[in-house]
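Reader: I have a model open here and would like to talk through it with you. Could you put it up and start wherever you find convenient?

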Amino acid sequence: MFGPHCRCMVIVGAQWGDEGKGKIVDVLSDNADIVARYQGGANAGHTVVLADDEFVLHQMPTGVLQPDTLCVIGNGVVLDPETFVAEAEDLEARGINLEGRVAISDLTHLVLPYHKLLDTAAESKQKIGTTRRGIGPAYEDRTGRRGIRVGDLRAPERIEERLRDNVARVNMLLESLGSNERADIDHHIELIDRLAPILSPLATDIGQLIHDAVSNGRNVLLEGAQGTLLDVDHGTYPFVTSSNTTAGAAAVGVGIGPRMIDVVIGVIKAYTTRVGNGPFPTQQDDEAGEKLRHMGGEYGATTGRPRRCGWFDAVIGRYAARVNGFTHLAVTKLDVLDTFDAIPICVAYSIDGERRDELPADIDALERVEPIYETLEGWCQPTSGVRSVSDLPGKARAYIDRIESLAGVPVSFVSVGTRRDQMIKVD
C-alpha cells in the first residue's frame, strides 16, 4: 500500500468502533516508519494476536509490535499517564523493546484521577455508556483551557497551582452530582512528581517530526480509535465519544497539513456491533445476534462488556465513506459468517413509512428505523485458511462485492481470522 504515491495513510473505523483496526494497523505498519495515534484515549482497546500471544493496547500505538517502527502519540490524544506507563512496562516484560521507539507530543493533554472520578459521577446521571476512563472530562478541560499537557511536565512546580484549582473545581462538581467521592490534591501532586521524569524525555514536536518524515520519503500511518459513528460531531450524538474520530481529525491530531495525507482506509466489520447505549438499527436480540457474539468473541477489549450484534448496515457504510473520504475498505471478521445459511444486509431504512438511503441526523428518527434488508446466500464453508481472494467461496466473494458496491469504495483487504497471516490482499 505504501509507495511513491502514498507516504501518509489514515486508518479509520467505519462503524461504532471494534471493527478490527488494531489488526489492520499492525499488518500495514510492517512497512511504516512511524505509526501515530491521533485521537481518543485509554477508552479504546486495539487487540492484536501474534502467534498465540494476544496484546490489548489502550494507549500505545499498534505499530509498537513491529520491531523497527517509531510509535507516536499525537496532540489529539488524551493520555492517561498511569495506563501508559503500566502498558509500556508490560510490553517490555513481554519482550517488546521500546528503547528510542516512543514519542509523545508536547501538546498532548493528560487524563488525571480527578477526570475519572468526574466521569463516573456524570455517567451515573447521563447513562451515555462511557468507559468511565476520564476521557470526556479531560477533553472538556482541554476546551475549557484548564488542561495540563505533557510539555508542562518539564516544570512540575508550575503545575501545582493549576492542579489545586482543578481539584477544587472537580470536588464541587462531584458534590453537585451527589457523589461521595472526592479528589485528593496530595495524590495528584505525588503522581505528577513520580511520572514527570518518565514522560518528559518522550515529549517532542510531533507535527515537525511527521512533516519531516513524509517530506523525506518515509512512510507514516495515522491510527484512529473508536469509529465514525462515535465521532462527537458526526456520530449518533449524544451517544458518542468526546473526540473527532473521523479522518479529518487525523491532520489536526498530529499537527500536519491535510494535503500530506494520501490514502484513507476505512475498517468495516462484515456485520455490525456496538458497545454502550444508543440507537442500533440492525441489532439482533435473538439467536442470530447471540451466534454473532459467540462466533466473533464480541466482548469489549477495554471494559469486557458484551457487544450488541447485528447485520451489516450499508447506510452506515455509505455515510462513513462520505464523511471520511475513504479510498479503500478493509473488511474484517468475514470468517464469523462462515456457518450462516442466509445473511441479511441492510440496504436502506424505512422511517415512518418513507424510504431513506442516508443516515438521519435526528436521534429520535434513528430510533424509529425499520431496516430494509436484502438477503444473500451464505457460503457455509470455512474461510479462515484462505489466503487469496480467488480461493474464497463464490458466495463469500459475492458478499464482499455487495459491500463494495453498496459503500461505493473498493475493498482492498479482507480479514478471515485474528492472526497476521489471516489477511487477504485484494488486487
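Author: Let us begin with a pair of helices, bearing in mind throughout that this is a predicted model. Helix H3, residues 113-126, packs against helix H4, residues 135-143, at an angle of about 115°, and their axes are 7 Å apart.

Reader: Is the crossing of H3 and H4 right-handed or left-handed?

Author: The crossing of these two helices, H3 and H4, is right-handed.

Reader: And which residues in H3 and H4 meet there?

Author: From H3 the contact takes Tyr114, His115, Leu118 and Asp119, and on the H4 side they meet Ile135, Pro137, Ala138 and Asp141. Sorted by character, the residues of this contact between H3 and H4 divide into 5 nonpolar, 1 polar and 2 charged.

Reader: Switching to the sheet, in what order do the strands run, and is the sheet open or closed?

Author: The sheet is open and has 10 strands, in the order S9-S7-S5-S2-S10-S1-S11-S15-S19-S20, with mixed pairing. Strand S9 (203-204) and strand S20 (423-425) stand at the edges, and because each has a single partner strand, one side of each is left without a neighbour in the sheet.

Reader: What about S1 and S10, do they pair in the parallel or the antiparallel sense?

Author: Strand S1, residues 8-13, pairs with strand S10, residues 220-223, in the parallel sense, and the pairing extends over 4 bridges. Within it, Ile11 stands opposite Glu223 of S10.

Reader: What comes in the loop between S10 and H8, say at Pro238?

Author: Pro238 is found in that loop, which leads from S10 to helix H8 (248-254), and a cis peptide bond, with omega about 10°, joins Tyr237 to Pro238. Gln226 lies in the loop between S10 and H8 as well, and although Gln226 is not a glycine, it has a positive phi of about 55°.

Reader: Pockets next: how much space lies in the second largest one?

Author: The second largest pocket holds about 260 Å³ of space.

Reader: Which residues lie nearest its centre, and which helix gives the largest share of the lining?

Author: Of the 14 residues that line the second largest pocket, Phe84, Ala88, Leu98, Ile198 and Leu202 lie nearest its centre. The largest share of the lining comes from helix H2, residues 81-93, which supplies 5 residues.

Reader: How does that lining divide into nonpolar, polar and charged?

Author: For the second largest pocket, the lining residues divide into 9 nonpolar, 1 polar and 4 charged.

Conventions
Residues are numbered from 1 along each chain as its sequence is written. This is a predicted model: local features need pLDDT of at least 70, side-chain atom pairs count only at pLDDT 80 or more; totals for chains, interfaces and linings use all residues. Side-chain values use heavy atoms; hydrogens and water are left out. Two strands pair if DSSP finds at least two bridges between them. Axes are lines fitted to C-alpha atoms, for helices over the stretch in contact, and angles run from 0 to 180 degrees between N-to-C directions. A crossing is left-handed if the near helix is turned anticlockwise from the far one by less than a right angle, and right-handed if clockwise. Contact means heavy atoms within 4.5 Å. Ala, Val, Leu, Ile, Met, Phe, Trp, Tyr, Cys and Pro count as nonpolar, Asp, Glu, Lys and Arg as charged, and the others, Gly among them, as polar. On a 1 Å grid over the protein atoms alone, a cavity is a set of points where a 1.4 Å probe fits but cannot get out, and a pocket is an open set with protein on both sides within 12 Å along at least five of seven lines; lining residues have an atom within 4 Å of a point. Grid points are joined across faces, edges and corners, and a volume is the space filled by probe spheres set on the points.
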